[in-house]
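Student: I should like to work through this chain with you, beginning with the confidence of the model and then turning to its interior. Could the sequence and structure be shown?

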Amino acid sequence: MSLPLTPPVEPQLARGGKELPLGDQWAYEPKFDGFRAIAFVDGEECVIQSRGAKPLGRYFPELSFPPGRYVIDGEIVIDAADGQQDF
């Protein structure tokens, strides 16, 4: 893997606050009860790491990403058949 960022990398964690900041430069995401993960994709190769820098790929063999060269920091969320989160 020859990405500019390679595992392990610490995730960007949310910080609590009393009020949401205003302005177009801010983006927000809802809090899900999932697995915090960073995915490193280089061509067809993908490495998924946990918040604690452990490999997660074996726990999510069905998870795939489009080929390319990128890094995604996010949350893996599993939806149950009824549409609710299954944690």
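**Confidence and interior packing**

Tutor: Among the elements of the protein chain, strand 2 (residues 45–50) has the highest mean pLDDT, 92, and strand 3 the lowest, 90; pLDDT is the predictor's confidence in each residue, from 0 to 100, and strands are DSSP runs of E of at least two residues, numbered from the N terminus. This is a predicted model, in which local features need pLDDT of at least 70 and side-chain atom pairs count only at pLDDT 80 or more, while totals for chains, interfaces and linings use all residues. Residues are numbered from 1 along each chain as its sequence is written, and side-chain values use heavy atoms, with hydrogens and water left out.

Student: What is the mean pLDDT of the protein chain?

Tutor: Of the residues in the chain, 97% reach 70 or more. The mean pLDDT is 85.

Student: Is F60 buried or exposed?

Tutor: Buried means under 20% relative accessible area, exposed over 50%, and partly exposed in between (1.4 Å probe, protein chains only). F60 has a relative accessible area of 7%, so F60 is buried.

Student: Is G74 buried or exposed?

Tutor: G74 lies in strand 3 (residues 68–76). Its relative accessible area is 17%, and G74 is therefore buried.

Student: Which residues does G74 touch, not counting residues up to four places away in sequence?

Tutor: Contact means heavy atoms within 4.5 Å. With residues up to four places away in sequence not counted, G74 touches F35, R36 and A37.

Conventions:
Helix = DSSP H or I, 4+ residues; strand = E, 2+ residues; numbered from the N terminus.
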